Every structure is written in structure tokens, then in C-alpha cells.
Amino acid sequence: MKWVCVVLMRKIHHHVWMCSALVPKKAKSVQHCFIYNCRLMSDHKPRNIIDSYKLLKLQEGCSLDDVKNSFLELAKQYHPDSGSVKADSTIFVQIEEAYRVVVNDVAKKIKSRDKEEDDDDDEDKLKSKALQHRQYLNFEGIGFGTPSQRERQYMQFRVDRASERLMEYRQRQMERQLAMGDIMLAKDVKQSKKAKITQAIERLVEDLIQESMAKGDFDNLSGKGKPLKKFSDCPHIDPMTHNLNRILINNGYQPEWILMQKEIRETIEKLRKTIIASRNKLGDPITVQKEKQWKEVCEEFRENIKILNKRINDFNLVVPILSRQMVHFNADKEIARVEDIFEAQMKKSETEAKKTEAEMEHGRHDIKTNFFKWIALILK
């Protein structure tokens, strides 16, 4: 039986469906046919590597990242679904095939390069492990002569090296001990000086007390010969601390935060008086020159307020009671307050001036009336 091959071809979107069938020679119609194979083929010839590089606008020796970036840029332009003006399915198929060819070529080159580097590294390792001359493999290359002679020389070398290291170690230990001894000596001298000063002060105080007792300065004390009174009956308070605080209070001692609070209050009062005096000195109305002077005074006042506010921050850190903390002063509010005080003083002065003028006018009228009365009496 003889067979013939029938090929059916159909072109669909730049692709070819190839179907092969085998039928008997004497058959009248193709009723008992079967498909031998079916494969999808491209309608253009495969391009070589150089054309693929040119199509992707690349040069040989580029990296994989360059290939991917170039393919993405071209796909954005020529892909049928990109919506670009240059969209073309034929060109995109060519670009895709060229991309695969270039990627395979670059991967092969990278693989061969890595293999060559590995071979070079292996050669270097073999070279480094190559056998040297026998005399440098034993006894660290020390000595000369026969192996037994070189062994004795090497043993002597090790003994000398160990002795040198021991001497260096002992030298370092001695230097460290000397340094520690100097430090301890300096500390002892410092402590002895402190002890001498403390003992000297105690002896001086004791001598002064004995001298005062000999003179009879303690004979007129109100509590002489009586037991000391307890400052507090509360058992939960440390008596030593309470007594010390009581002594400090009786002798006028004030805590740091109280002194700082007093200083802040005195400073703000001084600044207020100074700026009020400056405003009264300028008077009213204010000319251009006086206004310039007033701005300089206000600027200086603001700087002083900033310094005072920093002092308030320090006070708030040391004050033991939260309710005693202070707030910052506002320079603009203080300046507005000075302006209000000045206006009130001006109004008061004007009122007093008007009242004084009215009193003087009334006095002049009385004098004039009395004068005319006297004239009338004289004429009578």
C-alpha cells in the first residue's frame, strides 16, 4: 500500500497552521484520515545575533539590565495593546524574538566569563599550595645544614624567642605597677591633705569654743543647764535632719528656689520701672526721633525678658512644689501695659491740670471781688 502526504496550510494573524495527513492511494475520498502533526510556525525567518542587537538598539557586551530596559521601552512603543501611535504586532514579534536571542547570548557570555574566573582562581590556589623547597617547610625556615643541625638551631631559636617575650611581658607588668603606684600615691596625698585640713578646722573650732567658755561667753545663755528641747514630736521624721533644718531656718538660711524666686520678682519689677521711666521721659506727642528711641527701648526690653524667661526655666526645674512654678513673661503684653499706664497718667495729669486751673481761676475771681469790696469801703 502506498501513502501520500497532504498538507493543509492556513494563514491566521501572521502564523501558519501546518497539518499533515496520510491517505491510501486508491482511496476515493479522505474519509479515514488522521492528523500526523500540528505545530505553530512564524512567518518570518529567524534573525542572527547581530541583527537582534541592532533591533534592540544595543551593543555587544551590554548587561542583562540594559537588555531588559531596552525591551521594555520598545514594548511600550510597539505592543498592540499599548495604545501608542507606533503600535505594530509584526514589529513587536520581531522585538520579542530578538530579546530572547540577546538574553541567551548575554547569559552564555556571563557564564563563560564566570567559568574562566573560577579556572583562574583554581590555578592561583594550586600555585599557592605548590610545594616549596624542603628546607623552608620545616623549622620555619630557620638554620642551615643537615636536618638534625637545623632542628637544634630551631630549638635554640624558640628558647630565645620565649625568653624575649617573657622579658617584654615582665617589663609591661612593671610599668603598669609603677603607673598604678603613682596614681595611688597621688590619691593618698590628696586624702591626707583633706584629712589635715579637716582636722585643723576641727581643732580651730574646738580651741575657739574652749576660749569662749573660759571667757564666760556661754554663762548668760537662756537654756544653760537645761535639757535640749525636741524640735518635733513626730516619730516619722528623722530627728537629725529636722534639727539641722531648724538650725538653718533660725540662722536665716533660705533654699535655692526661694532665692531664685525673689531674684525673678525683683528683676521684673526693675525692668517694668525702667521701661515706664523711659516712656515718661519721651513724653507725648511722639515724634519720629522719639518713636525710633522707643523702638530701641522695646527691643532691649524684649532681650531682657528672654534672659528672665530662661531663668524661670531654671527655677521650675528646682522648685519642689508644682503649684509654685512660674510662667514666662510676655514682652508684648508688658509693653502694652506700659502704654496703658502712660495714657492713664496723662489723663490724670490733664484732669489735675484742669482742676488746678479751675481753682486758680476761682481764686482770681475771689481776689477781684474782694478788691472791689475794699475799694467800695474805702470810698465810703
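Helices are DSSP runs of H or I, at least four residues long, numbered from the N terminus. By that numbering, Arg150 lies in helix H4, which spans residues 147-215. The model is predicted. Arg150 is buried, because its relative accessibility is 6% and the cut-off for burial is under 20%. In sequence, 11 residues separate Arg150 from Phe139. In space, their C-alpha atoms are 7.3 Å apart.

The protein contains 8 helices and 3 strands. Along the sequence, the elements follow the order β-β-β-α-α-α-α-α-α-α-α. The three strands thus precede the helices in the chain. The protein has 380 residues, and 15% of them are buried. The exposed surface comes to about 32,000 Å². Carbon and sulfur atoms supply 57% of that area. Among contacts with a separation of 6 or more, 43% join residues 24 or more positions apart.

Helices H6, H7 and H8 were examined in pairs. H6 covers residues 256-282. H7 covers residues 288-318, and H8 covers residues 331-379.

H6 and H7 pack with their axes 10 Å apart, at an angle of about 175°. H6 is therefore roughly antiparallel to H7, since angles over 145 degrees fall in that class. The contact of H6 with H7 draws on 15 nonpolar, 5 polar and 5 charged residues.

The axes of H7 and H8 come within 10 Å and cross at roughly 135°. H7 is therefore oblique to H8. The crossing of H7 and H8 is right-handed. On the H7 side, the contact is made by Trp294, Cys298, Phe301, Arg302 and Ile305. On the H8 side, Ala331, Asp332, Glu334, Ile335, Val338 and Glu339 take part. By class, the contact of H7 with H8 holds 7 nonpolar and 4 charged residues, with no polar ones.

H6 also packs against H8, at an angle of about 50° and with the axes 10 Å apart. This angle makes H6 oblique to H8. The crossing of H6 and H8 is right-handed. H6 contributes Arg272, Ile275, Ile276, Arg279 and Asn280 to the contact. H8 contributes Glu334, Ile335, Arg337, Val338, Glu339, Ile341, Phe342 and Gln345. The residues of the contact of H6 with H8 divide into 6 nonpolar, 2 polar and 5 charged.

Several H8 residues recur. Glu334, Ile335, Val338 and Glu339 of H8 appear in the contact with H7. Glu334, Ile335, Val338 and Glu339 also appear in the contact with H6.

One residue of the H6 side was followed further. Arg272 is found in helix H6 and takes part in the contact with H8. Arg272 is buried, because its relative accessible area is 18% and burial means under 20%. Leaving aside residues up to four places away in sequence, Arg272 touches Phe329, Glu334 and Arg337. Of these, Glu334 and Arg337 are among the H8 residues in the contact with H6.

Note on methods:
Residues numbered from 1 in each chain as written. Predicted model: local features only at pLDDT ≥ 70, side-chain atom pairs only at ≥ 80, totals over all residues. Heavy atoms only, no water. Helix = DSSP H or I, 4+ residues; strand = E, 2+ residues; numbered from the N terminus. Buried < 20%, exposed > 50% of the residue type's maximum accessible area, 1.4 Å probe, protein only. Contact = heavy atoms within 4.5 Å. Areas by Shrake-Rupley, 256 points an atom, 1.4 Å probe, with all protein chains shown as cover. Axes fitted to C-alpha atoms, helices over the stretch in contact; angles between N-to-C directions. Parallel < 35°, antiparallel > 145°, perpendicular 65-115°, else oblique. Left-handed = near helix turned anticlockwise from the far one by under 90°. Nonpolar A, V, L, I, M, F, W, Y, C, P; charged D, E, K, R; others polar.
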